[in-house]
Amino acid sequence: MSNKQQNIAGRTIVVTGASSGIGESAALQLAARGARVCLVARRTEELDRVRNAIRDVGGEAWSYAADLSVDGEVDACAAMILSDHPEVDVLVNNAGRSIRRAVKDSFDRFHDYQRVMQLNYFAAIRLTQKFLPGMLARRRGHIVNVSSLSVQFATPRFAAYVASKSALEGFSRCLAMEMVGKGVAVTVISYPLVKTAMTAPTEIYRYVPQMKVQQAGGWIVQAVEKRSPRIGPAFGDVWGAASMVMPATTTELTGRAFNYIGRRLQARANRESGDKD
Ligand SMILES: NC(=O)c1ccc[n+]([C@@H]2O[C@H](COP(=O)([O-])OP(=O)(O)OC[C@H]3O[C@@H](n4cnc5c(N)ncnc54)[C@H](OP(=O)(O)O)[C@@H]3O)[C@@H](O)[C@H]2O)c1
């Protein structure tokens with residue numbers, strides 16, 4: 001193991017959004033490697049289900065129910081975790097919500113933008129403010145921020161969501177620089193589509209390849225082990241660079257391609273749901 005790598009066993013890791021999807025899978029995999037996992041989300045029963053699954057096989061986990069879109073609940077949750085576990089080694093900011101709606105259909109929905117920012121960006125910052133001081137004092141720690149490939153490969157209808165994840169990535173890049181030489185690592189994970197409750201309501205995703213949730217959870221394990229600045233598909237880096245160098249071409253290409261493919265897939269979904277009636 002290199003100096004930069006971290007042994008997972010015995011580390012105390014806070015995973016937000018651990019009641020389902022990527023967060024649940026990450027929590028199970030981290031606990032299986034000996035981490036002590038603090039599970040955060042709103043649904044107590046789901047959190048307890050994950051906690052019990054970990055404990056049933058001899059792992060260590062604790063549930064902390066909180067609505068992270070409410071500042072007071074973030075503070076109370078962080079205080080409770082720190083009172084039970086004064087030394088948090090890793091914070092995984094994974095809880096998130098997505099909104100798929102065109103800007104032109106959102107003129108009376110300013111709250112769409114506020115809601116995604118509140119959870120995807122402000123909650124992550126607020127939790128970082130709670131756990132980072134201890135990490136800095138111990139000169140050891142790690143903040144893992146879950147983002148999306150859509151920041152590099154921006155797609156129509158996700159303006160609110162992509163803006164919130166872009167804010168999180170911007171914050172992460174600056175924080176990473178400030179943490180140089182201080183023993184604290186910062187990782188951004190750029191997920192492509194992952195088959196979870198988040199993507200389930202969008203009919204057309206049935207026809208699009210989606211990453212398996214176990215693999216996605218494995219990326220968080222890899223992040224904690226390797227402490228690398230970014231994990232994501234190489235395609236995102238290439239497209240992100242291309243859209244900086246050739247913004248007009250990439251915007252035109254993506255806009256047209258998504259409108260065309262989106263229409264085709266929606267027509268297919270409509271046909272198939274019509275066939276079932
Ligand atoms: N699935 C994808 O295609 C994809 C792609 C790129 C990035 N991501 C990112 O991956 C992360 C995990 O998403 P997922 O796909 O695993 O979706 P998911 O299964 O819907 O999980 C979302 C998690 O966030 C929690 N959560 C939602 N609102 C919350 C709130 N107000 N307070 C506390 N917890 C809250 C949910 O738990 P409760 O409902 O119990 O609160 C749940 O545990 C998100 O940040 C998402 O943006 C997903």
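Which helices and which strand each supply at least two residues of the shell around the ligand? They are helix H1 (21–32), strand S5 (141–148) and helix H5 (159–178). Helices (H or I, at least four residues) and strands (E, at least two) are DSSP runs, numbered from the N terminus.

This is a predicted model, in which local features need pLDDT of at least 70, side-chain atom pairs count only at pLDDT 80 or more, and totals for chains, interfaces and linings use all residues. Residues are numbered from 1 along each chain as its sequence is written, and side-chain values use heavy atoms, without hydrogens and water.

Start at the ligand. It is surrounded by 30 residues, each with a heavy atom within 4 Å of it. Among the closest are Arg42, Asn94 and Tyr161. S5 gives the largest share of this shell, 3 residues.

Now the polar contacts, pairs of N or O atoms within 3.5 Å. A polar side-chain atom of Arg42 sits 2.7 Å from a ligand oxygen atom. Ile22 uses a backbone N or O atom, 2.8 Å from an oxygen atom of the ligand. In Asp67, a side-chain N or O atom lies 2.8 Å from a ligand nitrogen atom. The protein covers 94% of the 880 Å² of accessible area that the ligand has on its own (Shrake-Rupley method, 1.4 Å probe).

Turn to two loops. Arg139 lies between helix H4 (110–138) and S5. Its phi is near 55°, a positive value in a residue other than glycine. Arg227 lies between helix H6 (213–226) and strand S7 (230–231). Arg227 also has a positive phi, about 55°. Arg139 counts as exposed because its relative accessibility is 53%, where exposed means over 50%. Arg227 is buried at 14%, where buried means under 20% relative accessible area (1.4 Å probe, protein chains only).

Definitions and conventions: A polar contact is a pair of N or O atoms within 3.5 Å; within protein, one must be able to donate a hydrogen and the other to accept it, and residues adjacent in sequence count only if both atoms are side-chain atoms.
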